Amino acid sequence: MATSVEQPVGKALPKLNARAEFTGLFLPSDSHDGAEERVMAEILELGLERNARELDNLGYTVLAPEQVAAGDLADRLREKLLDFAEENLGFRPDLENGDQIKAEITAIGRGHFMPAVMFKDPLFEQALMTRSVLALMTYLLGENCVLSSNSAMLKVRAPEKLELHTDQVGQPAPFPPYAQVANATWALSDYSPEDGAIKFVPGSHKLARHPTVGEAIDDSSAITISAPAGSVIIWSGNTWHGAAPRTNPGGRLSLIFLFCRWYLMPQMMHRQWISQEALARNDDRFTVLMGKRSPYSGLDSDGQPVDFTLGQSSKFA
Ligand SMILES: [Fe+2]
């Protein structure tokens, strides 16, 4: 004779309304703290709803120069980076017509790669802190995201294309459906197919995996971006992207900021390298972006390393 077995009845779980993208430290319900509302209010105030929708639907978006709204910053960034390139190469590259750059093979194409430029001039801090760009990056990665790397690339004419890939470097699939890393690249020269622009497979972020070897070399479904100098191209780390070979003379100049969620290891240790002067001349968000406010960062609330051997634990931010 069958007997009914009483099922254990647990405490009902609270309904979690917050989107995973905006989760706090532990549970969205108790630590979300209005983050989604703040982030969306910023998007609305800046008129970036279409861009946010594109990030959701396509996995990438392009901020036009008037949306970036940074005045002549792109022009000054371009000249500063050309100064750096001139120091390195011994001549000032001509972005329009020059073919004099000796094309080095780099992980992101042929050209002259300049890592960690942000530590060489405060101008790049202005680019990092540009409100419109940060609004969309916050939409993707949360208010506590950090800067993973900063660099610049002067891409030159060469036959090779950059194969399709995601920026979830080293992460096994499946990826979570939301971004864990994201890229904001300033186009400091015009982008077009002939200029060797970046290309995206629309909607590929929803696949939540890397392309296979075969898929990586088949970019027939990718769309190459055309955008004027001064635009900022933003994409989820999940989105499949590559780049067209540059067929025009001259060079494609870009400033690249990679961001990640606070719990991931940044590619560059900004929190160790950033100067006190840089922290002092920027606001608190900059300190967060440098990884100096992240929980479990090993830094105390003053940004100083915690000496765990002394049992010090009471000053976490
Ligand atoms: Fe990439």
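The exercises below work through a sheet and a metal site in a predicted model.

**Exercise 1.** Establish the order of the strands in the open sheet, and state which strands form its edges.

*Solution.* Begin with the strand order, which runs β1-β9-β6-β11-β4-β3-β2 across seven strands with antiparallel pairing. Next, look at the two ends of that order: β1 (60-63) and β2 (104-106) are the edge strands, each of them pairing on one side only. Finally, follow the sheet from one strand to the next, where the twist averages 30°.

**Exercise 2.** Describe how β2 pairs with β3, and find the bridge partner of glutamate 104.

*Solution.* Strand β3 covers residues 109-115, and its antiparallel pairing with β2 extends over three bridges. Within this pairing, glutamate 104 has glycine 111 of β3 as its bridge partner.

**Exercise 3.** Determine which strands are touched by helices α3 and α7.

*Solution.* Take helix α3 (residues 49-57), which packs on the sheet and touches β1 and β9 (232-236), with its direction at about 155° to that of β1. Then take helix α7 (residues 131-141), which also packs on the sheet but touches β1, β6 (181-187), β9 and β11 (251-260), its direction making about 160° with that of β6.

**Exercise 4.** Identify the residues that coordinate the iron ion, and locate aspartate 167 and histidine 241 in the chain.

*Solution.* The coordinating atoms belong to His165 (NE2), Asp167 (OD) and His241 (NE2), at 2.1 to 2.2 Å from the iron ion. Along the sequence these donor residues follow the spacing H-x1-D-x73-H. Aspartate 167 lies in the loop between β5 (162-165) and β6, whereas histidine 241 lies in strand β10 (residues 241-243), so that the pair, 74 residues apart, links distant parts of the chain. Both aspartate 167 and histidine 241 are buried.

Note on methods. Residues are numbered from 1 along each chain as its sequence is written. This is a predicted model: local features need pLDDT of at least 70, side-chain atom pairs count only at pLDDT 80 or more; totals for chains, interfaces and linings use all residues. Side-chain values use heavy atoms; hydrogens and water are left out. Two strands pair if DSSP finds at least two bridges between them. Helices (H or I, at least four residues) and strands (E, at least two) are DSSP runs, numbered from the N terminus. Axes are lines fitted to C-alpha atoms, for helices over the stretch in contact, and angles run from 0 to 180 degrees between N-to-C directions. Contact means heavy atoms within 4.5 Å. Donors are N, O and S atoms within 2.8 Å of the metal (3.2 Å for Na, K and Ca); water is not among the atoms, so sites may look incomplete. Buried means under 20% relative accessible area, exposed over 50%, partly exposed in between (1.4 Å probe, protein chains only).
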